[in-house]
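Subject: Handing over a structure

Hello,

I am passing a structure on to you, and I hope you enjoy looking around it. Below is the entry itself, followed by my notes on what turned up.

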Amino acid sequence: MRIPPSFTRALFHQRQQTLTTATCRTVTCYPTGLKPQPTRQPTQHSVPVTPVLRGSMLRFTSQNNCGVRCNSRQVRWSSTNPPMDDLEREQLRAEEQAYSQAQDPDTLAQQLATAEEELEARLRLSPKDPETHFLMGRLWLMKGNPENSVEWLNKAIEFSKDIPDLLLECHSTLATVYLKALRKFPEAKTHFDAALGIEPHYPEALEGYILACRENGDLSDAETTIRAALVKYPHNPSFYWLLGSVLEDIAQQEVQYKPELAETAFNAAIRAYEDCVNRSKSPDAPQAILSSGAEDILAAHLSLSKLLLIACKDKDRAEKLLRDATKLITTPHHNLVWCSLGQFLERFREDWAGAAKAFSKAAESWNADAPQQRQQQMDGNAQAIGLACMARLRAVWYFRVNIKKEQMPPGLAKPTIAMVENALKNAMTANERVTEDPGWLVAYAVTKLFGKDQDMEEGHGALTGALALDREDLDGWHMLHWVLKERMKDEESAESALREAKTIMRKREALK
């Protein structure tokens, strides 16, 4: 496949990039506006970065096998690339999107091998060239070996002490590897902090440092850092989302240890999420920031709708936020948005037909034009959750119609065990780890309780596991009550399951 010419200049130019977190949202990185730094001159024996190498390395700006998106701000330490104008940058984005979607694993592997050969050639001529070590670290990350990546990036840091821009990039990339690929949060904090020591207002390092603090349980440090960042970046929606998420974590802690303070903390989180949503509608917000912060704005809608239900009992506003979120989505996260809307319609509106439509949307691929293997990389997990929700919906109504003798609601087809099993199979095809999803477990339990190969113990175990993950599943508690009472003859445990179901019913009644 021919590499578009503009891609040969792509690696070291500034473009919107994202860093995927463990919670299926993204933290978006913004232009930094750094002070000019000394331009790095080529080493005496440096080998130019050829078009093949640049094209191969381009894919470092897309999600790699470790689920990490590498940093790619404009790097002034490369003296071989003239700056791009706005028109060329827009053309590059369009070409990059088309190119990345057309990429296949075999082509990628071939380009990585070519890139590695060229980097090794550069190392033979200049064994201590920091740029080459940095690129080699990113290459090993792309190949799915973060441990080797750490070794190369540490060498790049050692050799780039006198090149501030490159040193900043090395620390930030290494911190990202520790945060996302290796889940070593203290080390991630250390290197993000080193990056901030070079450039205190580098948004990518600020966001990474905040995430590392949050994952490490340092919520006070995270909140202090975010509030300082908001002084510098008052229109950045990502920082408002991060502030809301940290305040929500603090509120969850206070529910356990200081319940009298929990309401104040929840209200503070709600205000932060509201700020994120409102800033996205502000005419003062730069369009570039709104575009690159789209994922965070979307996440704020979902988080705010959840807190409005928990803390304010405001169903109408929560539903409006969810429906607004469905209009914002342009990424694989659309599956999760539609799942959230479907669960809301099912649990708080009892709109089963609407829930089924939302789950059907969630089960669709967001990018049907991408090759199958590439598509599974991008949205397999989110699509699997959508399919699991559909499987659970069918399983619930199989139980209600055939066991509880209820009437099917309008707009739903009468489900069979075969339909439930087919949905489970499709979900596993999208992502094998979907078996850890509570909706999938409920559906699997129904197939074991009422299918051809009945296994009461396994069905009971799957239901118990699902309810441990999602204690608000009213139908799951009703199923467990029936299994314990009718099949296992455990009256005491059955009564306990029924009490849980009645508690959830009272909560939902309070929202009406």
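Helices here are DSSP runs of H or I with at least four residues, numbered from the N terminus. One of the places this numbering helps with is the loop between helix 21 (474-487) and helix 22 (491-510), where you will find Lys 489. Please keep in mind throughout that this is a predicted model.

Let me begin with the whole chain. The protein chain contains 22 helices and 2 strands. It has 512 residues, and 56% of them count as buried. Its accessible surface is about 23100 Å², with 50% of that belonging to carbon and sulfur atoms. If you take the contacts between residues at least 6 apart in sequence, 66% of them join residues at least 24 apart.

Now back to that loop. Most residues other than glycine have a negative phi. Lys 489 is a residue other than glycine, yet its phi is positive, near 55 degrees. Is Lys 489 buried or exposed? Its relative accessibility is 60%, so Lys 489 counts as exposed.

Glu 350 is also not a glycine and has a positive phi, of about 55 degrees. You will find Glu 350 in the loop between helix 15 (334-349) and helix 16 (352-363). With a relative accessibility of 54%, Glu 350 counts as exposed.

That loop leads to helix 16. Its 12 residues should span 16 Å at 1.5 Å a residue, and the distance of 16 Å between its end C-alpha atoms agrees with that. Because 9 of those 12 residues are buried, helix 16 is largely enclosed by the rest of the structure. Several alanines are among the buried residues, including Ala 353, Ala 355, Ala 356 and Ala 358, and Trp 352 and Phe 359 are buried in helix 16 as well.

Helix 8 is another one to look at. It covers residues 203-215, and its 13 residues reach 18 Å from the first C-alpha to the last, close to the 18 Å expected at 1.5 Å a residue. How many of its residues are buried? The count is 11 of 13, which leaves helix 8 mostly covered. Among the buried ones are Glu 204 and Glu 207, along with Tyr 209, Ile 210, Leu 211 and Cys 213. After helix 8 comes Gly 217, with a positive phi near 85 degrees.

Next, two pairs of helices. Two packed helices are described by the angle between their axes and the distance between the axes.

The first pair is helix 4 (residues 130-142) and helix 5 (residues 146-159), which pack at about 165 degrees with axes 7 Å apart. Since angles over 145 degrees count as roughly antiparallel, helix 4 and helix 5 are roughly antiparallel to each other. Their crossing is left-handed. On the helix 4 side, the residues that meet helix 5 include His 133, Phe 134, Met 136 and Trp 140, and on the helix 5 side they include Asn 148, Trp 152, Lys 155 and Phe 159.

The second pair is helix 6 (residues 164-181) and helix 7 (residues 185-198), with an angle of about 160 degrees and axes 8 Å apart. Helix 6 and helix 7 are therefore roughly antiparallel to each other, and helix 6 passes helix 7 in a left-handed crossing. Where they meet, helix 6 supplies residues including Leu 167, His 171, Leu 174 and Tyr 178, and helix 7 supplies residues including Phe 185, His 191, Phe 192 and Ile 198.

Finally, three residues that you might like to click on.

Leu 302 lies in helix 13 (residues 294-312). With a relative accessible area of 23%, Leu 302 is partly exposed. Setting aside neighbours within four places in sequence, Leu 302 is in contact with Leu 322, Ala 325, Val 337 and Ser 340. The C-alpha atoms of Leu 302 and Arg 323 are separated by 10.0 Å, and these two residues are 21 residues apart along the chain.

Glu 319 sits in helix 14 (residues 315-326). Its relative accessibility is 15%, so Glu 319 counts as buried. Which residues does Glu 319 touch, not counting those up to four places away in sequence? They are Phe 344, Leu 345 and Arg 349.

Glu 432 belongs to the loop between helix 18 (417-430) and helix 19 (438-450). With a relative accessible area of 63%, Glu 432 is exposed. Glu 432 and Ala 384 are 48 residues apart in sequence and 8.5 Å apart in space, C-alpha to C-alpha.

Happy exploring, and best wishes.

Notes
Residues numbered from 1 in each chain as written. Predicted model: local features only at pLDDT ≥ 70, side-chain atom pairs only at ≥ 80, totals over all residues. Heavy atoms only, no water. Buried < 20%, exposed > 50% of the residue type's maximum accessible area, 1.4 Å probe, protein only. Contact = heavy atoms within 4.5 Å. Areas by Shrake-Rupley, 256 points an atom, 1.4 Å probe, with all protein chains shown as cover. Expected span 1.5 Å × (residues − 1). Axes fitted to C-alpha atoms, helices over the stretch in contact; angles between N-to-C directions. Parallel < 35°, antiparallel > 145°, perpendicular 65-115°, else oblique. Left-handed = near helix turned anticlockwise from the far one by under 90°.
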